[in-house]
Each structure stands twice: as structure tokens, then as C-alpha cells.
Amino acid sequence: MSGNDINVPKHVAIILDGNGRWAKKRLLPRNAGHVQGSKVVEQICEDAYDLGIKYLTVYAFSTENWKRPQSEVDALMKLLDKYLKNCIERSTRNNMRVRVIGDISVLDEKMREKIVLLEDTTRDNTGLNFTVALNYGSRDEMLRAVRGCVKACMSGEYNADDIDEAIYEKYLDTKGIPDPDLLIRTSGEKRLSNFLLWQLAYTEFYFTDVLWPDFDKNELKKAIEYYAGRERRYGGV
């Protein structure tokens, strides 16, 4: 499969779901599923680029995930911290640019420093554009964007009537990133869970029963083949 023989989406977004259920099926602690899931993310980044995908965005930790048991939250934060640390070397090796979206202000200082270093180090890489949604919630993002627009109006940069979609999008976390062409959600759930609500307005949705730790290149190909068979009219005829 390549961009020459099939319509490959430019930007794929993925809701990584099913880590806990994968671990439970194997009588393992939930964190074992998260560890395996993080390994799959690393491999899917390489697979996505090999298949011709230019942008990949994954939902790693939502604003609602803080409601999980504290032990699981702590384990997830530790795993994400380790992932960010290792990501610099891996991104440099694979020429991958990494960005983090979401409200990182509530994260601890060391994790915030790793995020800044990772984004700065990979900024000029020209391979896959990889975005990690961390402490991300779409409603939170849109509220922060509204506040940014209001402040800009109060400072005289814009009049209220000037605010259109283009200006509003400048205040979203995804500024400079094209909207997803395809959304994949694993584990059989069929909801958006507060993910990229503005950006998914005309995105094609693909739901699969496969649990995220079992997701591989062949499953990604199935999603791309589904996308390639869709006719995207954007409200037209």
C-alpha cells in the first residue's frame, strides 16, 4: 500500500482505547496494558509514516482521566514521563516532529520541561508530524481559545465582528496542524470522548473492536482502506 495506489489520509487521529481490558483478559494489572499500549504507539508512528501518513495525533491522557484511581493515574504519569524522555532520541533517529496539545500547566515542572525540550529539539524535523494529546479535553481547549479571542479583542487587536473560523483556530492547541481526515477508535467504543470536537467536523470515523495493544500495521491498513472507499463531500453534492 502506498500513496500511489490508494487514497491515504494526510492526517490520522487515534483514540487509544482498550489497554485496561487487554490486561484484564490476561490477568495482568491495568498498567501492563498501558505499557504495552505505549510500545504500540512507537511502532504505529513508524508504520503510519511508511504508509504515507503525514500527521498522526493520539489521545494519550484526557482531562477526565484524572478521575481514575490514583494508583493508575500515578502509573500513567510515570509512563508518560518515561515516554517523553525516550522520545527525543527516537524522534531524532526517525526525523519525527513531536508536539503536545492540552493544558500542560497542571503537570509537574520536570514533565513540562521535557515537553518543551522535546518540541524544541524536533521542531525542524521533516518526517512524521506526531502530536500527543496530554491532559487534553476539547471543551477545555475551546474555552481557552474563547478566552484568547476575548483578550485579543479587549487589547484592540480585533473587533468582536472580526472573529471568524480562521482567527479562532489560531487560539486552538492544534494551530498549524491540518484537521484529521480519519479518526480511529479502538476497543469497540463509538464515541468521541471530548476529543478534537472542533477539528473533527468533516472527519471520517473508523471504529474497530481491536484493543489498542493488539493494533498493528495490518489494522491500520484496514482503516486506511475504509477511508479510501469513502466519498468526502464536505456538505456539497
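This passage looks at helix 2 and the two largest pockets of a predicted model.

Helix 2 covers residues 30-50, which makes 21 residues in all. From first C-alpha to last it reaches 31 Å, close to the 30 Å expected at 1.5 Å a residue. Quite a few of its residues are tucked away: G33, H34, G37, S38, V40, V41, I44, C45, D47 and A48 are buried. Many of these positions sit three or four places apart, and a general rule helps here. An α-helix has 3.6 residues a turn, so residues three or four places apart point the same way. The partners of the buried residues come from several elements, with packing against strand 1 (11-15), helix 1 (19-25), strand 2 (55-62), helix 3 (70-94), strand 4 (129-136) and helix 7 (217-228). After the helix comes G52, with a positive phi near 100 degrees.

Helix 2 also turns up in the pockets. The largest pocket holds about 690 Å³ of space. Its lining counts 31 residues, and L16, Y59, A60, N65 and R68 are the closest to the centre. Helix 1, helix 2, strand 2, helix 3 and strand 4 each give two or more residues to that lining. Sorted by class, the lining has 14 nonpolar, 9 polar and 8 charged residues.

The second largest pocket has about 170 Å³ of space. Lining it are N31, V35, S38, E42, K78, L79, K82, Y83 and N86. Here the elements that give two or more residues are helix 2 and helix 3, and helix 3 gives the most, with 5 residues. The classes come out even, at 3 nonpolar, 3 polar and 3 charged. S38 thus appears twice, as a buried residue of helix 2 and in the lining of this pocket.

Methods. Residues numbered from 1 in each chain as written. Predicted model: local features only at pLDDT ≥ 70, side-chain atom pairs only at ≥ 80, totals over all residues. Heavy atoms only, no water. Helix = DSSP H or I, 4+ residues; strand = E, 2+ residues; numbered from the N terminus. Expected span 1.5 Å × (residues − 1). Buried < 20%, exposed > 50% of the residue type's maximum accessible area, 1.4 Å probe, protein only. Contact = heavy atoms within 4.5 Å. 1 Å grid on protein atoms, 1.4 Å probe; cavity = no way out; pocket = protein on both sides within 12 Å on 5 of 7 lines; lining within 4 Å. Points joined across faces, edges and corners; volume = space filled by probe spheres on them. Nonpolar A, V, L, I, M, F, W, Y, C, P; charged D, E, K, R; others polar.
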